[in-house]
Amino acid sequence: EMAPRAYIICNKTKRIVFVNKAFEELSGYPMEELLSKKYIDHLFPNNTNKETQEYTLLKEKQRESYEVELLLKSKNETNIWVRVNGQPFISEEGVHQGYFFSLKNIEAEKETQKTILEKTENLTHINEELKHFTYTISHDLKEPINGLSGLLSLLKAETDDQSSEDAKQYLSLAAKSVDRISAMVKSLLEYSKSGSDTEAAKTVSLQSVIDEIKNMGIEILPPSIN
């Protein structure tokens, strides 16, 4: 009677013979209004999931325990999500006597699930927009990068005989930087066209990464020791 979880006891004809105080508070029904009522017809709305209804009926027909999530119809017509655990009563002689049900209010869980689903859908939409943005930007960058690469090639050809060693080195570094940017833009384009599949991990030479960074004129400082 004083248990914090709501309980219903039904006889073998599925009619209510007892509910505890927690169930009265959850549903809004006093026990005297529920006695002899069929719990399914009286407490659960008609829009209960058909598969769930069929599952519970099958389990009860087979006299087996089960757990499902259902909408409980309260006295004020508010539907409340509950997790129902059903346990059959079997006498020592093996005769089925009825069912014992415990119910837990899971409204907060359902609200959390709804929030997570909405946030997931929103994040999916944002990711799609980001991919579209990435495709547009990377596609638009191809033309000026290709133009810059062509101009550097022409400049190198025009001044190759007259340039100092420093100028040649600068042109070479500029050409490498343009090539690297071009490769990055190509990777962005490939990413924007890709689906959810992830590429297999690849082994990368750390030295080659360091060399590329140095060729871009970026200084690599040694780690500091605290």
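**Exercise 1. Work out whether R83 is buried or exposed, then find its salt-bridge partner E109 and place both in the fold.**

Start with the accessible area. R83 comes out at a relative 18%, and the cut-off for buried is under 20%, so R83 counts as buried. Keep in mind that this is a predicted model.

Next, look for the partner. The side chain of R83 meets that of E109 in a salt bridge, at 2.8 Å from N to O. The two sit in distant parts of the chain, 26 residues apart: R83 belongs to strand β4 (residues 79-90), while E109 belongs to helix α5 (residues 107-159).

Now check E109 itself. Its relative accessibility is 30%, so E109 counts as partly exposed.

**Exercise 2. Find out which residues join R83 and E109 in one network of salt bridges.**

Stay with E109 and look for another partner. The side chain of K104 also forms a salt bridge with E109, here at 3.8 Å from N to O. That fits the cut-off, which is within 4 Å. K104 is partly exposed, at 34% relative accessibility.

Then follow the shared partners. They join E69, R83, K104, E109 and K110 into one network.

**Exercise 3. Count the salt bridges in the whole structure, then explain what the one between E60 and K14 ties together.**

A search of the whole structure turns up seven. In one of them, the side chains of E60 and K14 meet at 3.3 Å, N to O. E60 is in helix α4 (residues 50-61) and K14 is in the loop between β1 (6-11) and β2, so this pair ties together parts 46 residues apart in sequence.

Now compare how accessible the two ends are. E60 is buried, with a relative accessible area of 2%, whereas K14 is partly exposed at 29%. As a reminder of the chemistry, side chains of opposite charge can pair when their charged atoms come close.

**Exercise 4. Locate N20, decide whether it is buried or exposed, and say which backbone nitrogen lies 3.1 Å from a polar atom of its side chain.**

First, the location: N20 is in the loop between β2 (16-19) and α1 (21-27).

Second, the accessibility. N20 has a relative value of 1%, so it counts as buried.

Third, the side chain. A polar atom of the N20 side chain lies 3.1 Å from the backbone nitrogen of F23.

Notes
Residues numbered from 1 in each chain as written. Predicted model: local features only at pLDDT ≥ 70, side-chain atom pairs only at ≥ 80, totals over all residues. Heavy atoms only, no water. Helix = DSSP H or I, 4+ residues; strand = E, 2+ residues; numbered from the N terminus. Buried < 20%, exposed > 50% of the residue type's maximum accessible area, 1.4 Å probe, protein only. Polar contact = N/O pair within 3.5 Å; in protein donor to acceptor, adjacent residues only side chain to side chain.
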